[in-house]
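Thanks for asking me to look at this one. My notes follow as numbered points, so you can check each of them against the coordinates.

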Amino acid sequence: MDKLNVGIIGTGWCGGIRAEASAKNGLVDQLHICEIREDRLKEVADLTNPTSATLDYKDLLKNDDIHAIMISTTPESTHYPIAKETLEAGKHLLLEKPISRTLTEADELINLAEKNKVQFTIGYSQRFRSKYAYVREKFIDGTLGEPVSVLISRNITTQLSKRITGRTRLSPAAMEATHDLDYALWCLAPRKPVKVYSQQVEKVLIKNSNSADCQFMIVTLDDGTVVTVGAGWVLPPSYPNYSSTKMEFIGSKGAIILDDTHNDVTVMTGDRGIEYPMSSMPGEPVGHVNAGPMAEETNNFIDAILFNKPVIVKPKEARVVMELYQAADLSAERGEPINLPINIDPLNEGQN
Ligand SMILES: NC(=O)c1ccc[n+]([C@@H]2O[C@H](COP(=O)([O-])OP(=O)(O)OC[C@H]3O[C@@H](n4cnc5c(N)ncnc54)[C@H](O)[C@@H]3O)[C@@H](O)[C@H]2O)c1
């Protein structure tokens, strides 16, 4: 096989980026897209000129020409059932986070992918930012020495948190900090989390939705390294989906301070005020190039299948992250530290 036929299920914001990246990728022969909103299906079809466009994802799973599927649907409760059918159909799969709602479902998907010998990865796109990958390299090549502490604080706007909390009851840890927990654990692998203490603040969003404004977590790893991650989603409305992150990585031999606030390009217009373009988490196409990591991640998945390379985000790593944010949610609820592994799905009940 020297070219790949791919299908995208759910071509909203992220699926749209993945469809555009796939359409531009010379290693992709056929692109098939599926979206239940007819107007959005047409919009993405006009942008990408796909081989087929359908309202029913089962058309893609039945199509034997399609080798790989990317699932970018919302609400997040759609991930597990569609992923299960995709893996059962023997297709390679890139699934947006979260991998599923419960650890049991995650295990089932991981086992199914192994059984059917297909590539399976989860969309933790921040690993595909060059600045982020650089920090990991500096831990691996010894520049920073032994890790001592990591501090990551991310804030996004209410435009995005209202969208997220309008469709799911998952916490800031599960929906936002999940990227930074994954990223910190990736940098510090093979160290594993053994304890987490977490607190949430409920002052702003609680008035209109059953959601916290932010969540902070202190995570202890098995070698004693401490990782602190904060995720807030009450910044005032700004450039659509603006994300601002500050990070500190402290090691025994050195440190890296990373500014990912995206204030490097400022646009001022009379109509829209001050904006920071190219500042969302997945990024956006800019003419012939792409700003941000999601297109890079899409291309990497295509390469992994065609050239039989390991995927960058292993699904078992996504499971560790899921167990960690579930433990963080439990800690915030109980007001006490939680030891890992938790071995149960404490927050299954009533999630949607
Ligand atoms: N990696 C990142 O940086 C990042 C950023 C944002 C969101 N996400 C994740 O990506 C996923 C998608 O988020 P989004 O912001 O693009 O959401 P979105 O709501 O913009 O898009 C999801 C689309 O899926 C469609 N859909 C739902 N059920 C469908 C079905 N059965 N068949 C076909 N289409 C269906 C919806 O109509 C919608 O257009 C979420 O799981 C989210 O957690 C990842």
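1. Let me begin with the domains. The protein chain splits into domain 1, made of 4-124 + 308-314, and domain 2, made of 127-282 + 319-334. Please keep in mind that this is a predicted model. Between the C-alpha centres of domain 1 and domain 2 there are 25 Å. Where the two meet, 14 residues of domain 1 contact 12 residues of domain 2. On the domain 1 side of that contact, α1 (13-24) and α5 each provide at least two residues. The largest share there, 3 residues, belongs to α5.

2. Now the chain as a whole. Its secondary structure amounts to 10 helices and 17 strands. The radius of gyration is 20 Å, close to the 20 Å that the globule rule gives for 352 residues, so the protein chain is as compact as a globular protein of that length. Along the principal axes, the C-alpha atoms occupy a box of roughly 55 × 50 × 45 Å. Buried residues make up 45% of the 352. If you take contacts between residues at least 6 apart in sequence, 68% of them join residues at least 24 apart.

3. The parallel sheet comes next. It is an open sheet of 6 strands in the order β3-β2-β1-β4-β5-β6, and its pairing is parallel. At the edges are β3 (52-54) and β6, each of which pairs on one side only. From one strand to the next, the twist averages 15°. Helix α2 (residues 38-48) packs on this sheet, where it touches β2 (28-34) and β3, and its direction makes about 165° with that of β2. For a place to check the register, β1 and β4 pair in the parallel sense over 4 bridges, and Val6 has Ala68 in β4 as its bridge partner.

4. Which residues of helix α4 are buried? In this helix, residues 79-88, they are His79, Tyr80, Ile82, Ala83, Thr86 and Leu87. Viewed down the axis of α4, these buried residues fall within an arc of 165°, so they line one face of the helix. The spacing fits a familiar rule: an α-helix has 3.6 residues a turn, so residues three or four places apart point the same way. Exposed residues Pro81 and Glu88 sit on the face of α4 turned away from the buried side. The cover over the buried residues of α4 includes strands β1 (4-9), β4 (68-71), β5 (92-96) and β6 (120-123), along with helices α3 (57-62) and α5 (103-115). Just after α4, Gly90 has a positive phi of about 75°.

5. The mixed sheet deserves its own look. This open sheet has 7 strands, ordered β12-β11-β7-β10-β9-β8-β17, with mixed pairing. At its edges stand β12 (255-260) and β17 (338-339), each with a single partner strand, so one side of each is left without a neighbour in the sheet. Strands β7 (residues 147-157) and β11 (residues 243-251) pair in the antiparallel sense over 9 bridges. Within that pairing, Leu151 has Glu248 in β11 as its bridge partner. Helix α8 (residues 172-188) lies across β7, β8 (193-201), β9 (214-221) and β10 (226-235), at about 150° to β10. Helix α10 (residues 315-334) also packs on the sheet, touching β8, β9 and β17, and its direction makes about 50° with that of β8.

6. Is Ser243 buried or exposed? This residue of strand β11 is buried: 25 other C-beta atoms lie within 10 Å, and the cut-off for buried is 20 or more. Beyond its neighbours within four places in sequence, Ser243 contacts Arg154, Ile156, Ser279, Ser280 and Met281. Pro282, 39 residues away along the chain, has its C-alpha atom 9.9 Å from that of Ser243.

7. One last residue, this time in a loop. Gly145 is found between α6 (130-140) and β7. It has 14 C-beta neighbours inside 10 Å and counts as partly exposed. Leaving out neighbours within four places in sequence, the contacts of Gly145 are Gly251, Ser252, Lys253 and Gly254. With Lys253 the C-alpha to C-alpha distance is 4.7 Å, although the two residues are 108 apart in sequence.

Key
Residues numbered from 1 in each chain as written. Predicted model: local features only at pLDDT ≥ 70, side-chain atom pairs only at ≥ 80, totals over all residues. Rg over C-alpha atoms; globule rule 2.2 N^0.38 Å. Buried ≥ 20, exposed ≤ 12 C-beta atoms within 10 Å, placed from the backbone. Contact = placed C-beta atoms within 7 Å. Arc of directions from axis to C-beta. Pairing = 2+ DSSP bridges. Axes fitted to C-alpha atoms, helices over the stretch in contact; angles between N-to-C directions. Domains from an automatic or database assignment.
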